[in-house]
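Dear colleague,

I am pleased to hand over the structure discussed in our recent correspondence. Please find the sequence and the coordinates below.

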Amino acid sequence: MNEIIAQYGGKVRAVIKKLTGAYNEDIEQEVYIKTWKNLPAYREEGKFGQWICQLAANVCRDYFRSRQYKQSAAEVGGDVLDGATVRSNPEQVLSAKSRQKIILHAVDDLPAKLRKIVIWYEFEDLSYDQIAAKTGLPLGTVKSRLFAARKILAEQLKFLKGE
């Protein structure tokens with residue numbers, strides 16, 4: 001297990017930081033626990049690094065659904081604009097961390113078939129071809145699903161641009 005942590009720890013931390021907006025040691029530990037538990041079930045169909053990164057992304061999503069996250073978000077309450085300067089439109093000054101959380105929630109609300117494509121392409125840096133191979137879908141379908149997902153996200157998140 002120490003070898004796995006040494007080799008993939010940086011990737012795991014990067015996924016956690018990208019999805020949550022900050023490093024979270026508890027999430028990282030949960031990833032390693034789940035890795036250890038699920039290691040016997042790992043099938044060598046893809047790259048191990050992609051598997052552990054997907055596991056980390058799933059743990060992050062579980063965290064956002066957790067009672068702990070909801071309680072901490074409720075405690076923060078109206079402090080969404082933490083550290084922001086007041087301008088003519090307060091919605092335009094959301095902090096980067098708050099913006100990331102809003103975007104991640106919007107991605108999480110996408111239909112499953114679109115959400116997977118977005119996560120693989122945007123967060124795990126898989127190419128169209130890699131996603132097509134992983135899903136067994138035609139390349140055009142992968143591209144159209146990514147386009148549809150981006151269109152939905154653009155509509156849901158247009159308030160972030162001040163529209």
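The following paragraphs set out what was found in the structure, beginning with confidence and overall make-up.

Please bear in mind that this is a predicted model. The mean pLDDT over the chain is 75, and 76% of the residues reach at least 70. Confidence varies among the elements: helix α8 (residues 139-156) has the highest mean pLDDT, 91, whereas helix α4 (residues 67-76) has the lowest, 54. Residues 75-94 have a pLDDT below 50, and this stretch makes 15 contacts in the model beyond near neighbours in sequence.

As to make-up, the chain contains eight helices and zero strands. Read from the N terminus, the order of the elements is accordingly α-α-α-α-α-α-α-α. Of the 163 residues in the chain, 34% are buried. Among contacts with a sequence separation of 6 or more, 56% join residues 24 or more positions apart.

I turn next to the pairing of helix α1 (residues 2-20) with helix α3 (residues 48-65). Their axes lie 9 Å apart and the helices pack at an angle of about 40°. This value falls outside the ranges for roughly parallel, roughly perpendicular and roughly antiparallel, the first of which ends at 35 degrees; α1 and α3 are therefore oblique to each other. Their crossing is right-handed. On the α1 side, the residues that meet α3 are Ile4, Tyr8, Lys11, Val12, Val15, Ile16, Leu19 and Thr20. Their counterparts in α3 are Phe48, Gly49, Ile52, Cys53, Ala56, Ala57, Cys60 and Phe64.

A second site concerns Asp108, which is located in helix α5 (residues 96-108). Its relative accessible area is 16%, and Asp108 counts as buried because the cut-off is 20%. Setting aside neighbours within four places in sequence, Asp108 is in contact with three arginines: Arg61, Arg65 and Arg115.

One of those partners, Arg115, is itself among the buried residues of α6, together with Leu114, Ile117, Val118, Ile119, Trp120 and Phe123. Helix α6 comprises the twelve residues 112-123; at 1.5 Å a residue these should span 16 Å, and the end C-alpha atoms are 15 Å apart, which agrees. After α6 comes Asp125, with a positive phi near 55°.

Helix α6 also packs against α8: the two axes come within 9 Å and cross at roughly 95°. Because that angle lies between 65 and 115 degrees, α6 is roughly perpendicular to α8. From α6, the contact involves Lys113, Leu114, Ile117, Val118, Tyr121 and Glu122. From α8, the contributing residues are Val142, Arg145, Leu146, Ala148, Ala149, Arg150 and Ile152.

Val142 appears again in the surroundings of Ala132, a residue of helix α7 (residues 128-135). Ala132 has a relative accessible area of 13%, which means that it is buried. Not counting residues up to four places away in sequence, Ala132 touches Leu137, Leu139 and Val142. Ala132 and Val142 are ten residues apart along the chain, and their C-alpha atoms are separated by 6.3 Å.

When you examine the model, may I ask you to keep in mind the stretch at residues 75-94, where the pLDDT is below 50.

With kind regards

How values were computed:
Residues numbered from 1 in each chain as written. Predicted model: local features only at pLDDT ≥ 70, side-chain atom pairs only at ≥ 80, totals over all residues. Heavy atoms only, no water. pLDDT = per-residue confidence, 0-100. Helix = DSSP H or I, 4+ residues; strand = E, 2+ residues; numbered from the N terminus. Contact = heavy atoms within 4.5 Å. Expected span 1.5 Å × (residues − 1). Buried < 20%, exposed > 50% of the residue type's maximum accessible area, 1.4 Å probe, protein only. Axes fitted to C-alpha atoms, helices over the stretch in contact; angles between N-to-C directions. Parallel < 35°, antiparallel > 145°, perpendicular 65-115°, else oblique. Left-handed = near helix turned anticlockwise from the far one by under 90°.
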